[in-house]
Amino acid sequence: MQSLTAIDFSYNNLSGLVPGTGQFSYFNASSFVGNPDLCGPYLGPCSSAIEGAGSTHTRGPLSASFKLLLVTGLLICSIAFAVAAIIKARSLKKASEARAWKLTAFQRLEFTCDDVLDCLKEENIIGKGGAGVVYKGVMPNGEQVAVKRLPAAMSWGSSRDHGFSAEIQTLGRIRHRHIVRLLGFCSNHETNLLVYEYMPNGSLGEVLHGKKGGHLLWHTRYKIAVEAAKGLCYLHHDCSPLILHRDVKSNNILLDSDLEAHVADFGLAKFLQDSGTSECMSAIAGSYGYIAPEYAYTLKVDEKSDVYSFGVVLLELVTGRKPVGEFGDGVDIVQWVRRMTDSSKEGVLKILDPRLPTVPPDEVMHVFYVAMLCVEEQSVGRPTMREVVQILTDLPRPATTQGDDCEAPIREAQSSSSPPPDLLSI
Ligand SMILES: Nc1ncnc2c1ncn2[C@@H]1O[C@H](COP(=O)(O)OP(=O)(O)O)[C@@H](O)[C@H]1O
Ligand SMILES: [Mg+2]
């Protein structure tokens with residue numbers, strides 16, 4: 001209001017600095033009487049105004065550093081908050097992942113899926129086969145297990161879910177001294193992890209064909225043959241419905257700490273077959289060298305196909321050789337053995353594993369004959385697994401008393417002059 005030249009502020013107890021510029025230059029002291037705390041050009045300096053100016057001056061830098069402090073604090077707080085949020089999100093994700101895993105136990109188990117998942121590390125891998133990767137694991141209570149991670153094609157997501165689940169339940173119910181126990185399995189929507197009891201000495205195939213093969217003395221080999229036969233016999237004759245192994249081979253006979261044999265991976269090849277993943281023959285119905293001839297014609301397997309494969313394992317035990325790869329193109333162990341021996345005693349000694357220091361010849365002959373019975377071209381000519389157990393345990397000796405079930409005890413090796421009459425037909 002440039003026209004304003006006079007104003008009366010008197011006795012209002014105002015305080016502060018009155019500016020001397022603009023319209024204020026028209027006013028005089030009388031306009032401000034009765035306001036002791038006012039100061040300015042015509043009112044004289046007032047201490048509070050000076051102090052106010054001073055404090056404004058010092059508050060400037062103080063508030064700047066305060067602001068800096070505030071900003072830094074906020075920054076630290078927001079970083080801490082972000083870190084906490086990330087950690088929380090991760091733990092939530094882990095928890096929800098763990099929840100997605102389901103443990104199906106076939107006996108009382110003192111571990112969880114989390115414990116099983118912890119085993120799936122590169123350094124724990126103990127083997128890779130047609131049916132997936134196998135990891136060794138130690139559970140919190142110290143129990144050792146083998147975890148088999150099945151290929152994705154055999155997963156729950158496939159259309160064969162129900163079949164898989166039902167069959168695995170069947171396999172989980174099997175209890176036999178010479179069959180590797182399936183303790184349980186963990187599954188989520190895309191993976192199946194089978195948890196087996198752990199066999200410290202690995203597979204017969206690895207031991208027999210590895211450097212330690214020479215340490216497998218004849219008595220041990222014979223014992224392993226009988227024990228594996230009992231395991232298979234149980235699957236074929238004492239399970240209802242009967243279970244075909246479909247992948248009998250030395251790598252699927254596992255050895256515990258006492259070198260006692262346990263049949264592994266029974267029934268699994270079926271799922272591989274169903275799932276249509278068939279990179280190797282193991283994924284169809286057995287592994288190279290172990291497959292019964294009828295499979296080539298009929299594409300069907302029955303228990304006699306398992307018997308054929310078991311015969312090949314017996315030949316491996318006698319000769320110490322792998323079923324294929326050592327005999328030239330297209331020749332497998334069965335053809336080679338037939339060619340070499342003519343089923344004569346001298347012939348058998350020719351094909352015998354040279355790493356065996358001493359052997360009872362009659363026992364070797366006996367096992368060899370059982371092997372040859374098992375690998376008969378015609379499946380009807382092969383014995384059943386029950387018969388295999390009987391004949392194997394019925395070592396040639398005077399006055400035999402044979403057991404007739406799959407639990408027949410292992411006989412002590414004894415010598416005799418000839419194989420049982422039903423073997424002479426070979
Ligand atoms: N329960 C087990 N205990 C100890 N080792 C095992 C067990 N199961 C499998 N393995 C090891 O893992 C290897 C691979 O097994 P697998 O995947 O079944 O393939 P394959 O039977 O063709 O060898 C076996 O040869 C064996 O050494
Ligand atoms: Mg196996």
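Which of the 19 residues around ligand 1 come nearest? In this predicted model, they are Lys 148, Glu 206, Lys 249, Asn 252 and Asp 265. Let's start from that site and then take a look at a loop with some odd backbone geometry.

First, the setting. Ligand 1 sits in the largest pocket. The shell around ligand 1 takes two or more residues from each of these elements: strand 4 (125-129), strand 5 (132-138), strand 6 (144-149) and strand 8 (192-197). Strand 4 gives the largest share, with four residues. If you'd rather think in domains, domain 1 (102-197) and domain 2 (204-425) each put at least three residues into the shell. As for chemistry, you're looking at a mix of seven nonpolar, six polar and six charged residues around ligand 1.

Now zoom in on the polar atoms. Two of the pairs to check use the protein backbone. At Glu 197, a polar backbone atom is 2.9 Å from a nitrogen atom of ligand 1. At Gly 132, a polar backbone atom is 3.4 Å from an oxygen atom of the ligand. A side chain joins in too: Asn 251 has a polar side-chain atom 3.4 Å from an oxygen atom of ligand 1. How much of the ligand's own accessible area does the protein cover? Taken on its own, ligand 1 has 540 Å² of accessible area, and the protein covers 92% of that.

Next, follow the chain out of helix 5 (218-238) and into the loop that leads to strand 9 (253-255), which is where Pro 241 is placed. Most peptide bonds are trans, and most residues other than glycine have a negative phi. This loop holds an exception of each kind. The peptide bond from Ser 240 to Pro 241 is cis, with omega near 0°. Arg 246, also in the loop between helix 5 and strand 9, has a positive phi of about 75° even though it isn't a glycine.

Key: Residues are numbered from 1 along each chain as its sequence is written. Chains are lettered from A and ligands numbered from 1 in the order in which they are written. This is a predicted model: local features need pLDDT of at least 70, side-chain atom pairs count only at pLDDT 80 or more; totals for chains, interfaces and linings use all residues. Side-chain values use heavy atoms; hydrogens and water are left out. A residue is near a molecule or strand if one of its heavy atoms lies within 4 Å of it. A polar contact is a pair of N or O atoms within 3.5 Å; within protein, one must be able to donate a hydrogen and the other to accept it, and residues adjacent in sequence count only if both atoms are side-chain atoms. Accessible areas come from the Shrake-Rupley method with a 1.4 Å probe; for residues, only the protein chains shown count as cover. On a 1 Å grid over the protein atoms alone, a cavity is a set of points where a 1.4 Å probe fits but cannot get out, and a pocket is an open set with protein on both sides within 12 Å along at least five of seven lines; lining residues have an atom within 4 Å of a point. A molecule sits in a cavity or pocket if more than half of its atoms lie within 2 Å of its grid points. Ala, Val, Leu, Ile, Met, Phe, Trp, Tyr, Cys and Pro count as nonpolar, Asp, Glu, Lys and Arg as charged, and the others, Gly among them, as polar. Domain bounds come from an automatic or database domain assignment.
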